[in-house]
Amino acid sequence: MDFATADLIDDFEDELRSCETQFRQYGGRVSFAGPVSTVRCFRDNGLVKKLLNTPGDGRVLVVDGDGALASALLGDMIGAAAVANGWAGAVINGAVRDVAALRTLDLGVKALGSNPRKSAKDGVGEVDVPVAFGGAEFRPGDWLYSDEDGIVLATRDLLS
């Protein structure tokens, strides 16, 4: 999939939402896109692990961890499971860990930062509910496009 978010804004500005959060790139795939699935959780990655261990079908998991950096919501093992299951990427409004290993995975990963501390694994949170951060709402089924310039969202696949 070849695209640039700046070009998408130029061509489809009226249809797109742009996320203002200045994420860092952690995955081996710099540009990624796909339909959105969401998780809302706080310092507990049980639902993240559960979802990324199911068929991704090219989806992007958007995790609203409320911006918490005290523990990681994604690491190398969950990231490897995401690759094996066909996920395109993950956007984490929180922290990741195992950043050297994440860089080797064919997975788009954006997060606020990193912390080696593990999170709880109780599975507390919500799945496939709208989440919002960075001035943008991420709705299940919307399309997310991410590259080095940032993240944009549309209600449809703009590249097909």
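# Exercises on a predicted model

The buried residues of helix α3, which spans residues 76-84, are Ile78, Gly79, Ala81 and Ala82. The structure is a predicted model, and the exercises below start from this helix.

## Exercise 1: the faces of a helix

Determine how the buried residues of α3 are arranged around its axis, and what covers them.

**Solution.**
1. An α-helix has 3.6 residues a turn, so residues three or four places apart point the same way.
2. Viewed down the axis of α3, the buried residues fall within an arc of 160 degrees, so they line one face of the helix.
3. Met77 and Ala84 are exposed on the other side of α3.
4. The cover over the buried residues of α3 includes α2 (46-52) and β5 (72-74).
5. After α3 comes Gly86, which has a positive phi, near 85 degrees.

## Exercise 2: positive phi outside glycine

Describe the phi angle, the location and the exposure of Arg43 and of Asp66.

**Solution.**
1. Most residues other than glycine have a negative phi.
2. Arg43 is not a glycine, yet its phi is positive, about 55 degrees.
3. Arg43 belongs to the loop between β3 (32-40) and α2.
4. The relative accessible area of Arg43 is 36%. Partly exposed residues lie between the cut-offs of 20% and 50%, so Arg43 is partly exposed.
5. Asp66, likewise a residue other than glycine, has a positive phi near 60 degrees.
6. The loop that holds Asp66 runs between β4 (60-64) and β5.
7. Asp66 has a relative accessibility of 59% and therefore counts as exposed, the cut-off being over 50%.

## Exercise 3: a covered strand and its partners

Establish how many residues of strand β12 are buried, and which strands pair with β12.

**Solution.**
1. Strand β12 comprises residues 150-154, and five of its five residues are buried.
2. Gly150, Val152 and Ala154 point one way from the strand, while Ile151 and Leu153 point the other way.
3. Strand β1 (residues 17-19) runs antiparallel to β12 and is joined to it by three bridges. In this pairing, Ser18 stands opposite Val152.
4. β11 also pairs with β12 in the antiparallel sense, over five bridges. Here Trp143 stands opposite Ala154.
5. The connection from β11 to β12 is a hairpin through two residues.

## Exercise 4: the surroundings of Asp142

State whether Asp142 is buried or exposed, and identify its contacts.

**Solution.**
1. Asp142 is located in the loop between β10 (136-138) and β11 (143-147).
2. The relative accessible area of Asp142 is 6%. Buried means under 20%, so Asp142 is buried.
3. Leaving aside residues up to four places away in sequence, Asp142 touches Arg17, Gly34, Pro35, Val36, Ala154 and Thr155.
4. With Arg17, the side chain of Asp142 makes a polar contact of 2.5 Å.
5. Val36 is 106 residues from Asp142 in sequence, but their C-alpha atoms are 5.4 Å apart in space.

## Exercise 5: the whole protein

Explain why the protein may be called as compact as a globular protein of its length.

**Solution.**
1. The protein contains four helices and 12 strands.
2. Its radius of gyration is 14 Å, close to the 15 Å that the globule rule gives for 160 residues, so the protein is as compact as a globular protein of that length.
3. Along the principal axes, the C-alpha atoms fill a box of roughly 40 × 30 × 25 Å.
4. Of the 160 residues, 50% are buried.
5. Among contacts with a separation of 6 or more, 74% are between residues 24 or more positions apart.
6. The exposed area is about 7300 Å², of which carbon and sulfur atoms supply 47%.

Notes
Residues are numbered from 1 along each chain as its sequence is written. This is a predicted model: local features need pLDDT of at least 70, side-chain atom pairs count only at pLDDT 80 or more; totals for chains, interfaces and linings use all residues. Side-chain values use heavy atoms; hydrogens and water are left out. Buried means under 20% relative accessible area, exposed over 50%, partly exposed in between (1.4 Å probe, protein chains only). Contact means heavy atoms within 4.5 Å. A polar contact is a pair of N or O atoms within 3.5 Å; within protein, one must be able to donate a hydrogen and the other to accept it, and residues adjacent in sequence count only if both atoms are side-chain atoms. The arc is that of the directions from the helix axis to the C-beta atoms. Two strands pair if DSSP finds at least two bridges between them. The radius of gyration is taken over C-alpha atoms; the globule rule is 2.2 Å times the number of residues to the power 0.38. Accessible areas come from the Shrake-Rupley method with a 1.4 Å probe; for residues, only the protein chains shown count as cover.
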